[in-house]
Amino acid sequence: MTVRIVTDSTAFLDKETLEKYNIAVVPLYVNFEDEVIPDGSIPNAEFFEKMKRSAKLPFTSQPSPGDFAKVFEKIIEEDNDIVTIVISSGISGTYDSAINAAKAVDAKRIAVVDSILTSAGLARLVVEAAEAAAQGKTKEEIVALVEDKKRRLRIFFVPDTLEYLKKGGRIGGAQALLGTLLKVKPVLYLNNGKVDSYDKVRTMKKALERIVNEVPPTEGPFPVMLVHAEAGPTVETLARMVNERFPEAVITVHELSPVIGTHTGPGVVGICFYAQ
Amino acid sequence: MSGNDNPGLLLGGGDLRAMFLEATEHFEQHKEVINALNVFPVPDGDTGTNMALTLQAASANLMELPSDLPVGEIARIAARNSLMGARGNSGVILSQLLQGIARGLSGKETAGLSELRRAFQYGIVYAYKAVSRPVEGTILTVAREIARGSREAINKSINMAELLDVAIASGKKALERTPDLLPVLKEAGVVDAGGLGLIVFLEGCLKSMSGHRLTGNKREASRGDFDRGKTLEAEGLPKTVNLEDSFDDRYPYCTELIVKGSGLLLRSLREALEDLGVSLLVAGDEEAIKVHIHAANPGRVLETCIGYGTLHNIKIDNMIDQFNNSLWSSNRPQVDEKDAVEARKIVEGLPKKERGVIAVAAGSGFASVFLSMGADKIVLGGQSMNPPVKDIVDAMMEVNAEKIILLPNNSNVQFAAEQAAKLVDKEVYVVDAHSMLQGLASMTALDHRRSLEENFVEMCLRSRQVKTLEVTYATRDAKVSGISVKKGDIIGLAEGSLLFSGLTVEETVLKLLHAVITEDEQIITLFYGEGITEDDAEILAERLKAEFPDLEIELYCGGQPLYYYLIGVE
């Protein structure tokens, strides 16, 4: 008996990592007028191209409890415990689906953790949980580990515009920035699982400086995850800035899953790191 | 000298009133001469106009006052008026001079030469203290030399008019030297406008004396007064006046408190306190009365008050210490009781805010943008018309918040803002924003989750992260930084320095941008003003997009007068 880790598609882990740790993924959905696409089932470039061509902005939906149940049942049948780590309940109903599925399948053997994060932050938690599982840690130990780490991970991001967050109903505390007549670059963050405004500056350069400034100085190698959607050159600049400031940072660059990209819009860049 | 027959021996309240009125009138006639001395040929808040408006405020209600008021009272009222009406940096300094003079004449029925001399000394100290970084070659130098000249003259047997003559002569000498002290004056080939303003003011005072015999408050100057003055002069006054020694220490304790109770008798309390000091303010209602008084003995003030109700928020300061420690700001002028109560009523109806943000702005477009960025109130004014201190004070009073962040948004509003900050019973932080563009840059930092201090620091930092470009027209012929300017020319300024002249508005914008843009800049924010149509502005914006393809171009209607474009680059 081992512990298997289940997450959702917004962690956007690559195939290699999923296979290495035997992580199961339940996808969210992007609903275009003419078709429903499971998150991550088509390449990002193709997705954003489709989004650009689409007359109406697509909407997204959480997995059904049934989607989770199917995955859970299969793992339980193999006599494994499950730790499920999902996208923040502050921006998605995925957590509810997972909880309901866990209750229906086997509440005792399935733990569900609200990551209060998504994207690279969620991915980081999932990988650390999977490593703990590989070391033979119990379900309870892994949950305790994830609960601790999730509170220390920070995500800051700079969307090109607030329009997508507004249309998708995920604007949260950044609502306040909509009223400013002067065009600003919003610096946002996940504040206890919800989108909130952190600052506003006039240029992307200052926005990047602002988020790099949030990274705490740390001794020895430490992980810094950069995220973006269709913003390759900007994220390269960001990587350069982080590297200059923190030569020891282990920088990885992640793309946003289409579901998250739908809500931030293309052109977004972000940074994820441990607070201490 | 022939005793009482010597005109100009004693100055009474009526005489001082006549002096202020005459000087105000005289100044009004000469303000354009002073305006013409503005170093920069930009349509700015002109020195002459600002000082004239400050004097008008000073003498606004003097005519309505009885002519037999003590000289100290007239000085106090004029000073108080000027404090609220002061505009522009030179206006604020002038009003501070008047504060000091009032301080020197405080409690005096009449003033002789030595009192006047001392009043001048106070004036100089107040003026210097109003300025965070005093610069020589300005009105301050002239004021100081006037004081020095009059101090030296006092040892000679002269009359009041002669004293003013000497003061003016000393001032003129100092004025002539201002270009040597301030290179910017030399290059422009002018003397300091504020310094000349001060001399014009004194000339006006002198004018009121010619053919006018001082009445000494319409009472006969007593033989005793004269003799005493004479004796002092005969004994030889020290050449340097030690201000600490010469302090009028009769009412040194600034005492403030609130009396609470029910059915409080405001008028009766005021009458009971009247004899205990000066600068008395008793305001409030039946349940709470605010008392402010400069008292000889604060203990007696408290004793009197406790007979009416319970005492709260008691604050006693020795103003001599404050003065010496440059902390005289809490020595506030009286606030009109009716105004205070009125303002309190209105403000108490408003939701209480943690902090209020006040921005000085010119143009409806700018005002809207500042409001959208979180400003609570806009004081209209800026480049073309510097707002008086009172407007800024009023705006701060109208916000129901104890702490205020204030953005002057113009270097010539800076002193007025700092002055206004001292006049309200609130914690005021004046942001170092010298243009509206700087002000907007600092507004981006405003965040209710940050503490006020953090907000203030961050706002000051950000105001410096934007370069301000201005396109306007020359108000006079001039030569600045080697650039010849003809009246009416379109001129372009970057960070306050004149760079281009004689081009079209559009060319000026382009040249300015090319002059300042480095690879660090990412956004150009254009505010078009009165006289530029939206179509014109959009055509220019398109041209800029082609010219600077890597930069974002943002266009807004600023609605500012006189400035075709105000541009921020960051």
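How many residues of domain 1 of chain A are in contact with domain 2 of chain A? The count is 28 residues of domain 1, and they meet 24 residues of domain 2; contact here is C-beta atoms, placed from the backbone, within 7 Å. Keep in mind that this is a predicted model, where local features need pLDDT of at least 70, side-chain atom pairs count only at pLDDT 80 or more, and totals for chains, interfaces and linings use all residues. Residues are numbered from 1 along each chain as its sequence is written, with chains lettered from A and ligands numbered from 1 in the order in which they are written.

**Domains of chain A**
- Chain A splits into domain 1 (3-151) and domain 2 (153-274), with bounds from an automatic or database domain assignment.
- Their C-alpha centres sit 22 Å apart.
- On the domain 1 side, helix 2 (44-53), helix 5 (119-134) and helix 6 (139-152) of chain A each chip in at least two residues; helices are DSSP runs (H or I, at least four residues), numbered from the N terminus.
- Helix 5 of chain A gives the largest share of that side, five residues.
- That side of domain 1 has 13 nonpolar, 11 polar and four charged residues (nonpolar: Ala, Val, Leu, Ile, Met, Phe, Trp, Tyr, Cys and Pro; charged: Asp, Glu, Lys and Arg; polar: the others, Gly among them).

**Where chain B touches chain A**
- Chain B puts 12 residues into this contact, and chain A puts in 13.
- On the chain B side, helix 15 (364-372) and helix 18 (436-443) of chain B are the elements giving two or more residues.
- Helix 15 of chain B has the largest share there, three residues.
- The chain B side is made up of five nonpolar, four polar and three charged residues.

Key: Contact = placed C-beta atoms within 7 Å.
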